[in-house]
Each structure stands twice: as C-alpha cells, then as structure tokens.
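I opened this one to see how the sheet, the core and the pocket fit together. Notes follow in the order I looked things up.

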Amino acid sequence: MDRLDEYRQIIRTVLDRYASIPNSYGQVKNSVIVDSEQNNFLLMHEGWQGPQRIHGCVVHVEIIDGKIWIQHDGIETGITPELVELGVPKDKIVLGFHPYHVRQHTGYAIA
C-alpha cells in the first residue's frame, strides 16, 4: 500500500470510529463523507434536536501534497493524537485551523 492510500485508510478509520458513537441528544446521525479523488474527508452531524435543526461539519481533513491537513476539528480531544498513534509522523500533519505563524509552535508541520 502506498503512503497516500495508507493515509486515506487511517483517516477513514478514525472518522468511522467517531461516526459510530451514538448521539445522546435528539435524533442526530453522524456521517462520514469521503471524496477520494480530491482527498477530502468529512465527519458531519445532521438531524433534529427537538425543534432545532442540527447540521454541520465536525471534522474536515484533506491530504495536500502528501501531508494530512486538519482543516477543522470539532472533536473535544482532537483527532491528531489518534493519527499519530496509528503511525502518521507529526511532520506529515498540518494543523490548518491554526494561523501560519502559530503552527511553528505546535510540534507538527507548518505547511
């Protein structure tokens, strides 16, 4: 398996794990959306909590130039430690939700 396919599989494994956790409120389902051609991965919440519509992106990950870019991470503890635990080197993960000048202090790739 080449590195790109390995990263795709790791991201999918992590997002599937979170998607399988049932929501404790309302009738909200979790969905993993994958665009393998563009290397985009989303974890979405959608449904109803009483009269309120729930719909939004919980996690957005992209693979850009061989690096995993975390564009948005709404998981309380973050998915980044799980990616590292599953074998992704820190220098291959970019915390894209941080401004460029902050990334140098995160211990992960800056771009």
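**Strands 3 and 4**

I began with strand 3 and strand 4, which run antiparallel and are joined by six bridges. This is a predicted model, so I'm reading it as such. For one of the residue pairs I looked up Val-61, and found its bridge partner in strand 4 to be Ile-70. The two strands make a hairpin, with two residues between them. I checked the turn as well: Asp-65 sits there with a positive phi of about 50 degrees.

**Rest of the sheet**

Next I traced the whole sheet. It is open, has five strands in the order 1-2-3-4-5, and its pairing is mixed. Which strands are at the edges? I got strand 1 (27–35) and strand 5 (93–94), each of which pairs on one side only. Then I went to the strand 4 and strand 5 pair, which is parallel and has two bridges. Looking up Ile-68 there, I found Ile-93 of strand 5 as its bridge partner.

**Core**

Ile-68 came up again when I turned to the largest nonpolar core: along with Leu-43, Ile-79 and Leu-83, it has the most contacts inside that core. I noted 23 residues for the core in total. At least two residues come from each of helix 1 (3–19), strand 2 (40–49), strand 3 (52–64) and strand 4 (67–73). Which element gives the most? It's helix 1, with seven residues.

I then listed the contacts of Ile-79, skipping neighbours within four places in sequence. They are Val-14, Tyr-18, Val-59, Val-61, Ile-70 and Asp-73. I spotted the bridge partners Val-61 and Ile-70 again here, both of them in contact with Ile-79.

**Pocket**

Last, I looked for open space. The largest pocket holds about 160 Å³. I counted 13 residues in its lining, and wrote down those nearest the centre: Tyr-18, Ile-21, Asn-23, His-45 and Ile-75. Tyr-18 I already had from the Ile-79 contact list. How does the lining divide by residue type? I have seven nonpolar, five polar and one charged.

Key
Residues numbered from 1 in each chain as written. Predicted model: local features only at pLDDT ≥ 70, side-chain atom pairs only at ≥ 80, totals over all residues. Heavy atoms only, no water. Core = buried A, V, L, I, M, F, W, Y, C linked by side-chain atoms within 4.5 Å. Buried < 20%, exposed > 50% of the residue type's maximum accessible area, 1.4 Å probe, protein only. Helix = DSSP H or I, 4+ residues; strand = E, 2+ residues; numbered from the N terminus. Contact = heavy atoms within 4.5 Å. Pairing = 2+ DSSP bridges. 1 Å grid on protein atoms, 1.4 Å probe; cavity = no way out; pocket = protein on both sides within 12 Å on 5 of 7 lines; lining within 4 Å. Points joined across faces, edges and corners; volume = space filled by probe spheres on them. Nonpolar A, V, L, I, M, F, W, Y, C, P; charged D, E, K, R; others polar.
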